[in-house]
Amino acid sequence: MPLLLDDIDLTTPVARTVDPKFFSSKLTGNGKHKTGLLHGALRPTVSANNSAYIAAAVDHVETKSTSTQHGITTVSLPFAPVLRAALGTGGAFTLATPDARDRCAITTGSSDWDVFFDMTPQAAKLFEDANGDTSSGTPKTTRDFIVQYRMELFFLRKGAAVPARARIAPASAGRRSPDETVVVSWDVDPLANARGFVTDALGAAGLTDLDPDALADWLANGFNIHDRITRQAEIWDSEEIADEITAYIEALPADPSRTQLNALAVQLRYLETYNVPLEAYRTIHRAIETGFDEATAAALSKQNLNLLMSHTLYHLEKMKPRLTTPAVPAGAPAMAAHLSVQQRAALSSHEPLVMVQAGAGTGKSRVILERIKYLEQCGVDASEVTVLSFTNAAADHITDKNPDVGSMTIARMINDIYQLNHPTHELSSIDTIINSIDIFYPRSTFAAGFRMRLLEVDQNKTGAMTALNTFIENHFDEVIALLDTIGQTSLELEIVIAYQRIDTMAEPAHVACRYLIIDEVQDNSIFEFIYVLKYISKHAQSLFIVGDASQTLYEFRSANPRALNTLEGSGVFSTFKLTTNYRSNQEILDFANVVLGDLETNQFAGIRLQANSLAVPTAKSFQDTVALDYRTVSRLNGFVNDELHGIVSRTVCREYVDTCLARGEQVAFIAYSRREVAVIQDALEQHYPDKHVANLVSEKVFATDVFSKYIKFFWNDVLQVQPSNASFVVAQGIKDNMDKLTKNAGNKKVADAVLGMVSTWWTANARVIRGWEQLCLQGTLAHGDFFDRLRDNLLQFEIRHNAVRQSLTNQRNREQKAKNTASDAELIVSTIHGAKGLEFDNVVVLHKEAAPMSQEARRMFYVAFTRAKKSEYILSYGTVKNPAIESSHQRIITLLTERDKLAAARAAGIDPDLLDDGTGEADTSEDAGLARV
Ligand SMILES: Nc1ncnc2c1ncn2[C@@H]1O[C@H](COP(=O)(O)OP(=O)(O)OP(=O)(O)O)[C@@H](O)[C@H]1O
């Protein structure tokens, strides 16, 4: 999994770097070795254009952060797995003894001790000064990269086996005790300062360095910063991180101080920045559970959502014997004849915690509907069952089939529980809430902290939900009082608050149930998972979840495939796999399986799709069924803007769509972006003027915050005028300051929408505001109160407008999609998100080849490649000459050709082992993801 040591490149396209896996182009100079800031020839010394940076870089660097002041951007990057502050809290901490090839031997002549020196890049700071030399017209940015090292001098007793770790000792303690100790010092310039450090530490131990040149030589030639930083980075991405953190926890005293626990908490939180393996989280969680009392273990687990998930699962496992299970039905249960053995086994499980790992097209929806019928046969009343779906449309579908079964989305369930307890909080957007905090709490430190946490959540920052959760826990009453004042909440706040008060919050009758079923579980956010697990623990419910981690699409809504993988890897659930695909033929599935093979999400389920048909694919049938048309382009955007339209009508329609239509079958075009879909739709409408092209893309909802922003920035203008003029000033003020109140104010559509809102506000509120003005004139309403009412009225309008807009758009989207899906249009266009859960006769997938391809993009295309029933045309474009998609396609053809030959030989009565090309030796089809014949 790619791991970036810094996130400074997120907004710019990532150029190829020396090692794209680890470094941003700013550090490595766009891949030109030795020209970037971080390269193999770098020496462990310090230089900087501005010497003030050197002093700043000696500071502790605890978390990855970026800040800009006076045109100077400072990026802080911790590298070492245990943060410096944590090591400095006074425990008996240990460090791994470095490999003999890495360290520098110190010749002391001691007959008791082996002494050697090593360094760990602990952290770094990157300074970018945009105020540089302006002689060329545009100011030149100067960059300085300063690495902070942990210098280490190890003392190991001679003759003993080299230990895995040595204990950190204060410099004065030298080598005395225990037999393996290490003295450490932090420095940015070891080339200059290592000698002094070694001399002092040896001196404290009564030793001297007999060969000082060896250290000088090692520092100048033997230590490779680039390699060491790379290795540090790899630790975060491996189970080694668990060893480091576990060793740290074990070295804490039995009764750790607050400072030590806080340092550990920061450390645990920081793990969220990286792609720490799930197994490592489980190991760390075990260390926490065994190392601390229950309350401390719970508090530490909350520092990181992955740990919290492990923690919640750990406690759920203990609860398992008390959870609800269905009674065994009296007679043999009646089950629909067409259900497969896999489907039957899953839906008739009597375990309390069931997970169905269902590949694409394997009948998730059917299994859920049949599970409900099965539970009824076990004597469960339909009203005791609730199905939580990801979309409203899916929830509606369940209600249509089973009116007595509870059916809703998880967000709706949490919202209903929350609203019962906080009826005055209206569901609002984070932007409006932040503006309201600025309006009502301009000087509160607490509110500023809360605002910051909300902003991070809004920006989808790493660790933001954890930080919000901790903040609310520490300031619970203040947070609720603030939300009472502004009369708002958001979906994110609802789930955190509902989670924290899960034991005491009243719950509406309609959410009560004993059997909880969750569909499309992969798209839940990790916090939703945690909430649901705790919720079923509370009510001792049975939980039956169905999902496919490889189809996780909603990462932008915090869905994280790792959450489902954590559940899969925990062993707490009884798991069932569905791998028979009822939708597609084996040719389509062979191709999908190759994509699936590269998905990290499939690591636990290990699904390989198999068609529900005995037909055996051949090289020819595969090529006839799955066509690949790859286009090498010089610019990715140029392709969509300039070429896509023509290719769709000139090539794809003529060579593929026409044939499908002639067979009386439908064709769906599925693309990643809305823009691509729009171009394709246009091409199809021009090419087939007589046909309706159904578009399944949902309309986007944009919440507005112009009113709250206006109040925040311009309310003083309003306060200057008489009440009778105030509304006019508001309306005019919004119009005049549009550019400060909304992005894209230059876009006429946006500007018209804002003006439209202002006029709707006035039409709906003029009468009541005019009434208040009258009261002011009569002297029965104080001016101050009038302005407060006007302000609250504007805020209310914004909140309601957003809520209504959201639900109207949702409704419209649902109706539109249902209409288009039901219309059985011959031609369909959709984004991948829009096509999720649907199936079509034939599909054209617009595929963008990127190197490297992110796991998220791979999952997207996996969903796209599993929508077709009969055939697929992959129109792929990319800048690479030999794209991976072409080799995957070719690999299948090659293997099928070999298999065809073997089959032909067998049919002709020839022993395949005698075929001289050797292909008879092993059937490699399994390796390529092909189903065995
Ligand atoms: N046992 C079965 N026998 C025959 N057809 C089945 C069976 N189970 C499911 N199907 C059919 O297979 C198709 C795929 O089912 P469904 O849409 O429920 O799959 P899914 O797992 O939700 O797919 P995806 O995850 O790709 O959206 C549907 O047309 C469904 O009617």
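In this predicted model, Glu-279 pairs with Arg-282 in a salt bridge, with the closest N and O atoms 2.8 Å apart. Both residues belong to helix H9, which spans residues 278-291. They sit three residues apart, about one turn of the helix. Glu-279 has a relative accessibility of 29% and is therefore partly exposed. Arg-282, at 13%, counts as buried.

A comparable arrangement is found in helix H17 (residues 445-458), which holds both Arg-453 and Glu-456. These two residues are also three positions apart, about one turn of the helix. Their side chains meet in a salt bridge of 3.2 Å, N to O. Arg-453 has a relative accessibility of 21%, so this residue counts as partly exposed. Glu-456, at 18%, counts as buried. The two values fall on either side of the boundary because buried means under 20% relative accessible area. Elsewhere, Asp-102, Asp-118, Arg-228 and Arg-231 are joined into one network by salt bridges that share partners.

The structure holds 34 salt bridges. One of them joins the side chains of Glu-128 and Arg-143, at 2.4 Å, N to O. This pair links distant parts of the chain, with the two positions 15 residues apart in numbering. Glu-128 lies in strand S5 (residues 113-129). Arg-143 lies in strand S6 (residues 142-157). The glutamate is buried, with a relative accessible area of 9%. Arg-143 is partly exposed, at 35% relative accessibility.

Negative charge also gathers at the surface. Glu-234, Glu-239, Glu-240 and Asp-243 form a patch of negative charge there. Among these residues, Glu-240 lies in helix H7, which covers residues 240-250. Glu-240 has a relative accessible area of 43%, so this residue is partly exposed. Residues of a patch have over 30% relative accessible area and no salt bridge, so the acidic members of this patch are without salt-bridge partners.

Helix H16 (residues 430-440) presents a contrasting environment. Eight of its eleven residues are buried, so the helix is largely enclosed by the rest of the structure. The buried residues include Ile-430, Ile-433, Ile-434, Ile-437 and Ile-439. Thr-432, Asn-435 and Ser-436 are buried as well.

The annotated site comes next. An unreviewed UniProt entry carries the annotation "binding site" for Ala-358, Gly-359, Ala-360, Gly-361, Thr-362, Gly-363, Lys-364 and Ser-365. One of these residues, Ala-360, lies in the loop between strand S9 (353-358) and helix H13 (364-377). Ala-360 has a relative accessible area of 0%, and so counts as buried. Another annotated residue, Gly-359, is paired in space with Arg-608: their C-alpha atoms are separated by 7.8 Å. Along the chain, Arg-608 and Gly-359 are 249 residues apart. Arg-608 lies in the loop between helix H23 (586-597) and strand S18 (610-611). Arg-608 is partly exposed, with a relative accessibility of 35%.

A further pair of positions separated in sequence involves Ala-850 and Thr-879. These residues are 29 positions apart in sequence, while their C-alpha atoms are 7.7 Å apart in space. Ala-850 lies in the loop between strand S23 (840-848) and helix H33 (855-865). With a relative accessible area of 30%, Ala-850 is partly exposed.

Backbone geometry was examined at two loop positions. His-70 has a phi near 50°, a positive value in a residue other than glycine. His-70 is placed in the loop between strand S1 (65-69) and strand S2 (72-78). At 71% relative accessibility, His-70 counts as exposed. Ala-540 likewise has a positive phi, of about 50°, although this residue is not a glycine. The loop that holds Ala-540 runs between helix H21 (526-539) and strand S15 (542-547).

Methods. Residues numbered from 1 in each chain as written. Predicted model: local features only at pLDDT ≥ 70, side-chain atom pairs only at ≥ 80, totals over all residues. Heavy atoms only, no water. Patch = residues over 30% accessible without salt bridge, like charges linked within 9 Å, V, L, I, M, F, W, Y side chains within 5 Å. Areas by Shrake-Rupley, 256 points an atom, 1.4 Å probe, with all protein chains shown as cover. Salt bridge = Lys/Arg side-chain N within 4 Å of Asp/Glu carboxyl O. Lys, Arg positive; Asp, Glu negative; His and termini not counted. Charge placed at Lys NZ, Arg CZ, Asp CG, Glu CD. Helix = DSSP H or I, 4+ residues; strand = E, 2+ residues; numbered from the N terminus. Buried < 20%, exposed > 50% of the residue type's maximum accessible area, 1.4 Å probe, protein only. UniProt positions renumbered as here; feature names shortened; annotations may be inferred.
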